[in-house]
Amino acid sequence: MKIWPLRFRGGAADGYLFTDDAGGFFRADATFLDRYVSGGLTARDKAFLHLGGHGFEEAGDLAHTSFAYRWSQRQAIRTELGYVILVPTLRCNLTCTYCQVSRAAENARGYDWSEDTTEAVLRYLDGLTTSDVKIEFQGGEPLLRLDLLEEVRSFCRRRFTSSKFVVCTNLQRLGSEEWSFLDAPDTFVSTSLDGDLATHTRQRTRSTSATEGFLSNLDQVLERLGADKVSALPTIDIDDPPDFDELIEAYSSRGMRSIYLRPINHQGFARRARSVDADIERWNMLHREFVEHLVDLNYRTGAGLEEYYFSQCLRRALRPGADDHVDLRNPNFFGSDYVVIDHDGKLYPTDEARMLSRIGRIDLSIGDVFTGIAAEKRDILNAASLNSFDPDCIHCAFQPYCGSDLIDDLSRYGRSDHARSNTWFCRRHTSVFDHVFELMYRGDAAADHSLAQWSGIANWGAHLAPKLS
């Protein structure tokens, strides 16, 4: 029998984690590792590996074909562009302390689409080959240009078989026209909720009355549109994080069961107050403690809460093809299935690339709506947007589940070839995946309860965490 190459990672009390290129995994002790590297696998070892899909008898047999299929499902190649992030204005009516987009003042001039840009945006959308489109309105505060949102939505409804719209808004001002726009069945709301009133005020509004107005609007949006049409996430300041229970209460009391802990990004105005790799160890510890808090809370109360990104990483480890989050895609090719159109009509591969370009560090635009995508610039970025051949990643047990973040590397280190194992991205994801597999193999009732909920199955069993004993 031929064995597919195995990567391994130590550190667990019960031995090593082994993974293959298709994402299959198991735990085994140091004696198995010795047998594996020395070519002395026993018949029992080989039977276990064959049963787990880690080996095959000959090319083309069922085990070989199954492995090839699972491997191919982990390669995230998308070709049809159908998700477009639009920034009709960079102006905003808030001055958040951690603003990542370097917003413009509400009364500033020159930060909205011009008539020519608007027409070019519509022509660009008209040129898409997809029949289903998703439009996300970003800013600034996009509701400041409700007229442009209306124009885009009306066009897309006529042009595409199916269209969906997401408005990323701070919900500070909702009048009759805004409500009329948001009430549409094909339109969804995304916002930020940083925790209790004091935390949200400190980080975003700087005014108790403004925060109270936001919370009132948020509650009305949830009641009027329904929780399935509203999403929110908190941005966490590691120097002054919210109390876990107060943060959970802010979400669960409003019927929101998924909380995505987002660290302050190294972009825009936010980067001024932080060093390149600010507090990665503290961030990892906070994230771990929050997940453990949810494990305990879910088991004691049946709350059914999740930390969104941890659940994404768990599902990514368990299922080929579970790569909805761009950070977990490999290859993570740019300008493939989504693109960003800025207030001046420039095209960007990601929202973070737009933010980084805005502060003048580097021009990461890949064209504009007048001339289309600049394929040469896009291809240069794409050449560094996979982890399959990175000298650090090829030895990492988590490579089959992980992705890459070229834009974050450029933002923090000013280069694309910074040693991957030393990057914020790698250190963050190594910590998360260590925790994912620790919970999988913990074997206690509380962990199993949350693992089942987060992975979307009825019950978690030991068969889902294979072990060669």
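Axes here are lines fitted to C-alpha atoms, for helices over the stretch in contact, with angles running from 0 to 180 degrees between N-to-C directions. With that in hand, a look around this predicted model can start with a pair of helices. The axes of helix H4 (residues 115–126) and helix H5 (residues 146–159) come within 11 Å, and they cross at roughly 25°. Angles under 35 degrees count as roughly parallel, so H4 is roughly parallel to H5. The crossing of H4 past H5 is right-handed. On the H4 side, the contact is made by Thr118, Leu122, Leu125 and Asp126, while H5 brings in Leu148, Glu151, Val152, Phe155, Cys156 and Arg159. Sorted by class, that contact of H4 with H5 has 6 nonpolar, 1 polar and 3 charged residues.

A second pair makes a handy companion. Helix H10 (residues 280–301) and helix H16 (residues 445–455) have axes that come within 8 Å and cross at roughly 95°. Angles of 65 to 115 degrees count as roughly perpendicular, so that is how H10 sits relative to H16. Val291, Leu294, Val295, Asn298 and Tyr299 of H10 make the contact with Ala445, Ala446, Ala447, His449, Ser450, Gln453 and Trp454 of H16. There are 8 nonpolar and 4 polar residues in the contact of H10 with H16, and no charged ones.

Now for the cores. In soluble globular proteins, nonpolar side chains tend to be buried together. The largest nonpolar core here has 106 residues, and those with the most contacts inside it are Leu125, Ile135, Phe437 and Met440. Leu125 is also one of the H4 residues in the contact with H5. As for Met440, leaving aside neighbours within four places in sequence, its contacts are Phe25, Leu314, Ala317, Leu318, Leu451, Trp460 and Ala465. A second core, separate from the largest one, has 10 residues, among them Ala28, Phe32, Phe48 and Leu468.

Helix H14 (residues 406–413) is mostly covered, with 8 of its 8 residues buried. The buried residues of H14 include Asp408, Asp409 and Arg412 as well as Leu406, Ile407 and Leu410. Part of what covers them comes from helix H12 (351–358), helix H13 (375–382) and helix H15 (424–440). Just after H14 comes Gly414, which takes a positive phi of about 70°.

Helix H15 is also home to Arg428. Residues under 20% relative accessible area count as buried, and Arg428, at 8%, is therefore buried. Setting aside residues up to four places away in sequence, Arg428 touches Tyr260, Leu261, Pro263, Ile280, Trp283, Asn284 and Tyr309. One of these partners, Leu261, is 167 residues from Arg428 in sequence and 13 Å away in space, C-alpha to C-alpha.

Strand E17 (residues 338–341) holds Ile341. With a relative accessible area of 0%, Ile341 is buried. Residues up to four places away in sequence aside, Ile341 touches Val84, Ile85, Leu86, Val87, Val121, Tyr124, Lys346, Leu347 and Val369. Ile341 and Met285 are 56 residues apart in sequence and, C-alpha to C-alpha, 36 Å apart in space.

Val37, in helix H1 (residues 30–38), gives a contrasting case. Exposed means over 50%, so Val37 counts as exposed at 58% relative accessibility. From Val37 to Phe155 it is 118 residues along the sequence and 61 Å through space, C-alpha to C-alpha.

Definitions and conventions
Residues numbered from 1 in each chain as written. Predicted model: local features only at pLDDT ≥ 70, side-chain atom pairs only at ≥ 80, totals over all residues. Heavy atoms only, no water. Helix = DSSP H or I, 4+ residues; strand = E, 2+ residues; numbered from the N terminus. Parallel < 35°, antiparallel > 145°, perpendicular 65-115°, else oblique. Left-handed = near helix turned anticlockwise from the far one by under 90°. Contact = heavy atoms within 4.5 Å. Nonpolar A, V, L, I, M, F, W, Y, C, P; charged D, E, K, R; others polar. Core = buried A, V, L, I, M, F, W, Y, C linked by side-chain atoms within 4.5 Å. Buried < 20%, exposed > 50% of the residue type's maximum accessible area, 1.4 Å probe, protein only.
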